[in-house]
Amino acid sequence: MIGEIESAIMAKLKAASESGYFGPAKLRGIESMSGKTPSEDDVKKALANAPCAWVSFLSASPTDNDFASQFESEAGFTVIMIDRHLGSGQQARQGTATTRGAYPLGEDAMRLLHGQQLGLDIAPLQCQAIRPIANDVIDGGQGSFVAVEFQTRYVVGLPSDAEIAAMANFETFHADWDIKPFIDPAPAAVPLATGAADATDTVILETLP
């Protein structure tokens, strides 16, 4: 479900951009990003492609640990709206007559996505916060990044007793190994695959009655 939600957010942003929702300057890129802190290269690429957006999954956790056949998961996502202006950081943040600005883009994203289910079986997205994340760090203060944080909930089904009972026990682990010859100096290419394994591992696990 996490990937489906992220993809649906990106599709919503793309459709809105193509319809002119974000103003005359369409988003020049909408990318899925990991939850890590953006690298300097990520920031430079985004500024060169501004206005644009990143969509990132933040986290998910059960809202109640007392469950039997299913549980509810609460998940967070961030939409980062990015813009730049060669004049100043303030113009990149607030916009001008010819540019939208990261602040207005962030508010646009909030209005667009808040309360939406995106055609999925999820609780409506709820905007939790809008905050700057990398203002005036790169490109001489000419870029602005605004994160719009959303939260939703969805149900995760657990396997039934019958499905669990039908699963075979994990009793045996076996591995065949091809070992590279110890040759000094090593040849440029050593074929490893042979008809017989150089070594094997077989582990029999203890199972409950």
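The expected span of a helix is taken here as 1.5 Å times one less than its number of residues. In this predicted model, helix α1 has 17 residues and reaches 25 Å from its first C-alpha to its last, which is close to the 24 Å expected at 1.5 Å a residue. Confidence in the protein chain as a whole is described by a mean pLDDT of 80, with 77% of the residues reaching 70 or more. Among the elements of the chain, α1 has the highest mean pLDDT, at 94, whereas helix α3, covering residues 89-94, has the lowest, at 64. Where pLDDT is low, the predicted coordinates should not be read in detail.

Helix α1 has a series of buried residues, namely I5, E6, A8, I9, M10, L13, A16 and S17. An α-helix has 3.6 residues a turn, so residues three or four places apart point the same way. The buried residues of α1 pack against strands β1 (30-33), β2, β3 and β5 and against helix α4. Just after the helix, G20 takes a positive phi of about 90°.

The interior of the model was examined next. The largest nonpolar core has 26 residues, and those with the most contacts inside it are I9, L13, F22, V79, M81 and L113. At least two residues of this core come from each of α1 (2-18), β2 (52-62), β3 (70-84), α4 (102-113) and β5 (143-157), and α1 gives the most, with 6 residues. A second core, separate from the largest one, has 11 residues and includes M33, A46, W54 and I82. Within the largest core, M81 is one of the residues with the most contacts. When neighbours within four places in sequence are left aside, the residues in contact with M81 are F22, L27, C52, A53, A102, L105, G106, A109, S144, F145 and V146.

Charged side chains were considered separately. Side chains of opposite charge can pair when their charged atoms come close, and the count for this model comes to 5 salt bridges. One of these joins the side chains of K45 and E31, at 3.6 Å from N to O. This pair links distant parts of the chain, with K45 in helix α2 (residues 40-48) and E31 in strand β1, 14 residues apart. K45 counts as exposed, at 53% relative accessibility, whereas E31 is partly exposed, with a relative accessible area of 30%.

A further salt bridge is formed by the side chains of R153 and E72, at 3.0 Å from N to O. Because R153 lies in strand β5 and E72 in strand β3, the pair ties together parts that are 81 residues apart in sequence. R153 is partly exposed, with a relative accessible area of 35%, and E72 counts as partly exposed at 31% relative accessibility. E72 and R153 are also linked with E74 in a network of salt bridges.

Strand β5 also takes part in a salt bridge through E149, which lies in β5 and is paired with R131 of strand β4 (residues 126-132), 18 residues apart. The side chains of E149 and R131 meet at 2.5 Å from N to O. E149 has a relative accessible area of 17% and therefore counts as buried, since the cut-off for burial is under 20%. Its partner R131, by contrast, is partly exposed, with a relative accessible area of 37%.

How values were computed: Residues are numbered from 1 along each chain as its sequence is written. Side-chain values use heavy atoms; hydrogens and water are left out. A nonpolar core is a set of buried Ala, Val, Leu, Ile, Met, Phe, Trp, Tyr and Cys residues joined through side-chain atoms within 4.5 Å. Buried means under 20% relative accessible area, exposed over 50%, partly exposed in between (1.4 Å probe, protein chains only). Helices (H or I, at least four residues) and strands (E, at least two) are DSSP runs, numbered from the N terminus. Contact means heavy atoms within 4.5 Å. pLDDT is the predictor's confidence in each residue, from 0 to 100. A salt bridge is a side-chain nitrogen of Lys or Arg within 4 Å of a carboxyl oxygen of Asp or Glu.
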